[in-house]
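User: I would like a close look at one part of this model, the place where its two chains meet. Please keep the answer plain and connected.

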Amino acid sequence: MMRKSQRHLNRRDLLAFGAGSVLIASSPLRSFASQAELEQARRELFGDRPVTEGRVSLTLPPIAENGFSVPLSVEVDSPMTDRDFVKRVAILSPRNPLPLIAQYHFTPQSGRAKVDARIRMSGTQSIQAIAEMSDGSLWSGSQETVVTLAACVVL
Amino acid sequence: MASIRLAVPDTATAGEIVEIKALIRHPMESGHRRGSRGEVIERDIITRFECHYADEQVFAADFHPGIAANPLLTFYVRAAQPGELRFEWTDQNGQNWSETATLNVT
């Protein structure tokens, strides 16, 4: 009698433990960033200055099979002279755990405001690039990429 | 631990814009992953890359966990005078790795 009830309890415990561990495993460490968090990251970097769409071309594959490494290319239309050059470019994500992916700093000696890199993407999203010119103006470009295998799903 | 690979042209003409590739082997552990026993794998990333040309910084990058492992960068430098290009990576703990290359300008 005693043994029987104990076995029953054990199975319940085991089931509860199993369900609990599934919950723990499926809950992400951090919630995903949202468009609002992207806006906040943008404000922290550039303040409340207006951003105009254009001059920044962002190239990402339309479909990325592996979110762990997605080729990204960003180029800003600028003469890159001592008087008129790109100071920095920020790459922002509306869906990764952290909205800011990278920042690139240029000088007139860079000659060309273009960078190729490889980024992580935790799902289908529209990556945004914001460029700050030497005159302080801000320009942006974006590109939508469908991610079939997200970087945060497969551990 | 970290190994560096560079692609820098041997020679350039004055004023030419040269393409440079710089890669460092590094896991760029994001801190968002869990191990096989559910434990959090701690963040371990390179946070800064700088390229100096003739002792002047010409290009730099700030990396965050959204950068893929073994970060590879392709960027550009305007060749002016013959000089040394120095590439430096720094991780979150301040450890750094650097490599140099000579650019012959004709």
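How much area do chain B and chain A bury between them, and what share of it is on carbon and sulfur atoms?

Analyst: The model is predicted, and the values below are computed from it. Chain B and chain A bury about 2800 Å² between them, with 53% of that area on carbon and sulfur atoms. Three residues, B:H32, B:R34 and B:Y76, supply 23% of what chain B buries against chain A, which is more than any other three residues give. Counted by contacts, 34 residues of chain B touch 30 residues of chain A.

The next point is the kind of contact. Between chain B and chain A there are zero salt bridges. Polar contacts do occur across the interface: 18 residue pairs are found, with both residues at pLDDT 80 or more. On the side of chain B that touches chain A, the elements giving two or more residues are β3 (17-24), β5 (56-63) and β6 (72-78) of chain B. Of the elements, β5(B) gives the most, with eight residues. Sorted by class, that side of chain B has 19 nonpolar, eight polar and seven charged residues.

β5(B) also pairs with a strand of the other chain. Strand β6 of chain A, residues 100-106, is joined to β5(B) by five bridges, and the two strands run antiparallel. One position shows this pairing: A:Y104 has B:A61 as its bridge partner in β5(B).

From there the pairing can be followed into chain A. Five bridges also join β6(A) to β5(A), again in the antiparallel sense. In this pair, A:L92 stands opposite A:L100 of β6(A). β5(A) pairs with β8(A) as well, antiparallel and over six bridges, and there A:A90 stands opposite A:I130. Strand β5 of chain A covers residues 86-92, and six of its seven residues are buried, so the strand is largely enclosed by the rest of the structure.

Salt bridges appear within the chains, and the structure holds nine of them over all chains. One lies between the two paired strands just described: A:R88 and A:E132 have their closest N and O atoms 2.7 Å apart. A:R88 is in strand β5 of chain A and A:E132 in strand β8 of chain A, so this salt bridge ties together parts 44 residues apart in sequence. A:R88 is buried, at 15% relative accessible area, and A:E132 is buried too, at 7%. Buried here is a matter of a cut-off, because the term applies under 20% relative accessible area.

A:E132 has a further partner, A:R49, with closest N and O atoms 3.0 Å apart. A:R49 sits in the loop between α2 (35-46) and β1 (51-53) of chain A, 83 residues from A:E132. With 31% relative accessibility, A:R49 counts as partly exposed.

Chain B has a salt bridge that involves the interface strand β5(B). B:D62 and B:R48 form it, with closest N and O atoms 2.8 Å apart. B:D62 lies in strand β5 of chain B and B:R48 in strand β4 (residues 46-53), 14 residues apart. B:D62 is buried at 17% relative accessible area, whereas B:R48 is partly exposed at 21%. Back in chain A, shared partners join A:R49, A:R88 and A:E132 into one network of salt bridges.

Terms used
Residues are numbered from 1 along each chain as its sequence is written. Chains are lettered from A and ligands numbered from 1 in the order in which they are written. This is a predicted model: local features need pLDDT of at least 70, side-chain atom pairs count only at pLDDT 80 or more; totals for chains, interfaces and linings use all residues. Side-chain values use heavy atoms; hydrogens and water are left out. Contact means heavy atoms within 4.5 Å. Buried area is the accessible area (1.4 Å probe) that two parts lose on being put together, summed over both. A salt bridge is a side-chain nitrogen of Lys or Arg within 4 Å of a carboxyl oxygen of Asp or Glu. A polar contact is a pair of N or O atoms within 3.5 Å; within protein, one must be able to donate a hydrogen and the other to accept it, and residues adjacent in sequence count only if both atoms are side-chain atoms. Helices (H or I, at least four residues) and strands (E, at least two) are DSSP runs, numbered from the N terminus. Ala, Val, Leu, Ile, Met, Phe, Trp, Tyr, Cys and Pro count as nonpolar, Asp, Glu, Lys and Arg as charged, and the others, Gly among them, as polar. Two strands pair if DSSP finds at least two bridges between them. Buried means under 20% relative accessible area, exposed over 50%, partly exposed in between (1.4 Å probe, protein chains only).
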